[in-house]
Amino acid sequence: MNFQFTEEQLMIQKAARDFAQTELLPGVVERDDQQKFPAEQIKKLGELGFMGMMVDPKYGGAGMDTVSYVLAMEEISKVDASASVCMSVNNSLVCWGLEKFGSEEQKQQYLVPLASGQAIGAFLLSEPEAGSDATSQRTTAEDMGDYYLLNGVKNWITNGNSASYYLVIAQTHADKGHKGINAFIVEKAWDGVTVGAKENKMGIRGSDTHTIMFQDVKVPKANRIGEDGFGFSFAMKVLSGGRIGIASQALGIASGALELATKYSKERKAFGKEIMHHQAIAFKLADMATDVEAARLLCLKAAWLKDQHENYDVASATAKLFASQIAQTVTNEAVQIHGGYGYVKEFHVERLMRDAKITQIYEGTSEVQKIVISRNLLK
Ligand code: CAA
């Protein structure tokens with residue numbers, strides 16, 4: 001077992017850390033406050049190759065491995081989880097899904113701009129009545145011969161307004177249940193596509209989360225991904241990799257909070273000494289560091305399995321379940337260590353605590369991860 005990162009992986013980690021400090025940190029409090037999407041910063045991330053990290057360079061990507069992606073996601077998430085969720089959805093759900101399962105024409109037309117940072121993508125699975133129960137799709141894609149007619153409503157869509165291209169999951173053959181579901185590439189600019197109001201969220205307030213409506217949208221046959229009926233399997237496979245991204249986001253939120261709490265504990269004095277010299281604080285930091293390291297190892301293991309082309313469904317669910325749990329406790333303790341300062345925006349930890357919660361909800365709730373893990377045990 002080799003725990004050593006390669007030179008290239010370390011270089012990517014450093015580039016992401018530098019970017020987070022110089023480009024994301026300034027203004028992150030204001031963007032959170034004003035619910036402002038980090039458009040400029042995402043554009044720069046795209047120019048640096050962070051929006052299509054694992055995509056083959058022949059399709060405009062950076063050709064890196066999943067381990068590098070975890071390292072970059074952790075660094076970006078330490079500072080700005082609103083930027084990192086945009087990055088995660090674009091990389092793991094949209095670009096990976098298109099590269100792995102799209103046709104050559106779909107890759108040329110859509111993957112190239114998405115992977116090279118010229119366009120942003122979104123993944124549209126959730127509906128008002130289909131969240132964890134993803135097979136209950138109400139959005140329909142009726143086969144009209146030359147095209148599909150798309151009707152329905154999707155909600156909680158990350159990058160809902162900033163994306164140009166959507167991967168939409170919809171029901172074509174209701175009588176076939178999940179085997180009648182398809183996945184389509186839909187352009188936001190097409191007639192019949194409407195972007196609903198932005199959600200006013202507790203955390204990741206800079207990310208743009210919207211409801212998207214489709215009314216008689218004509219989707220060319222060429223925009224279906226894979227064979228007829230492949231859509232649910234597509235969604236599950238894509239989400240399995242997506243969970244590595246969100247697990248790494250949770251890891252980054254936690255490790256960012258740990259770094260801030262450690263720094264504060266070395267500076268802040270109480271009862272005659274820096275607070276880190278009080279065991280009440282030192283022991284908290286030790287527990288937080290242990291949790292963060294365990295989450296990091298789970299994320300890296302899932303990424304490594306993916307890079308080895310091994311099955312990573314359970315590993316990614318385990319990483320997401322654990323990292324999202326420890327993100328709650330670690331950020332909560334970071335606020336506690338900061339005392340009153342932890343409760344105000346300028347010290348960042350209250351934002352990290354609010355951001356942490358979503359990692360237990362999106363790309364499958366913690367309960368969904370437990371379904372994946374326990375079913376494997378019961379096999
Ligand atoms: N790969 C391939 N196929 C898979 C699979 C996987 N990882 N997991 C399941 N499948 C297949 C099964 O084999 C089965 O197919 P067959 O009938 O042909 O064997 C089919 O999918 C149905 O599987 P299940 O019977 O296990 O389905 P279920 O209804 O019991 O649900 C579930 C399982 C794990 C709960 C699943 O529905 C699920 O993951 N739900 C959560 C959905 C989710 O993560 N939503 C997030 C939205 S996207 C998002 O949040 C992005 C964002 O904006 C940040």
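**Cores, cysteines and a pocket**

Tutor: In this predicted model, the largest nonpolar core has 73 residues, and Leu-98, Phe-123 and Phe-234 touch the most other members. Helix α7 (residues 231-267) gives the most to this core, with 16 residues. Helices here are DSSP runs of H or I with at least four residues, strands are runs of E with at least two, and both are numbered from the N terminus. Residues are numbered from 1 along each chain as its sequence is written. Local features need pLDDT of at least 70 and side-chain atom pairs 80 or more, while totals for chains, interfaces and linings use all residues, and side-chain values use heavy atoms, without hydrogens and water.

Student: What makes a set of residues a nonpolar core?

Tutor: The members are buried Ala, Val, Leu, Ile, Met, Phe, Trp, Tyr and Cys residues joined through side-chain atoms within 4.5 Å. Apart from the largest one lies another core, of 39 residues, among them Ile-120, Val-193, Val-217 and Val-219.

Student: Which residues does Phe-123 touch, leaving out those up to four places away in sequence?

Tutor: Contact means heavy atoms within 4.5 Å. The partners of Phe-123 include Val-89, Leu-93, Ile-157, Phe-234 and Leu-239.

Student: Why is Cys-95 called buried?

Tutor: Buried means under 20% relative accessible area, exposed over 50%, and partly exposed in between (1.4 Å probe, protein chains only). Cys-95 has 0%, so Cys-95 is buried. Cys-299, at 1%, is buried too.

Student: And why is Val-314 called partly exposed?

Tutor: Val-314 has a relative accessible area of 25%, which lies between those two cut-offs, so the label is partly exposed. Val-314 sits in helix α9 and touches Val-372, Ile-373 and Asn-376, not counting residues up to four places away in sequence.

Student: How do you know that Cys-299 is in no disulfide?

Tutor: A disulfide needs a pair of cysteine sulfur atoms within 2.5 Å. The closest cysteine sulfur to that of Cys-299, in Cys-86, is 19 Å away, so that is too far for a bond. The structure holds 0 disulfides.

Student: How many nonpolar, polar and charged residues are in the lining of the largest pocket?

Tutor: There are 22 nonpolar, 13 polar and 13 charged residues. Ala, Val, Leu, Ile, Met, Phe, Trp, Tyr, Cys and Pro count as nonpolar, Asp, Glu, Lys and Arg as charged, and the others, Gly among them, as polar. On a 1 Å grid over the protein atoms alone, a pocket is an open set of points with protein on both sides within 12 Å along at least five of seven lines, and lining residues have an atom within 4 Å of a point. Helix α7 gives the most to this lining, with 6 residues.
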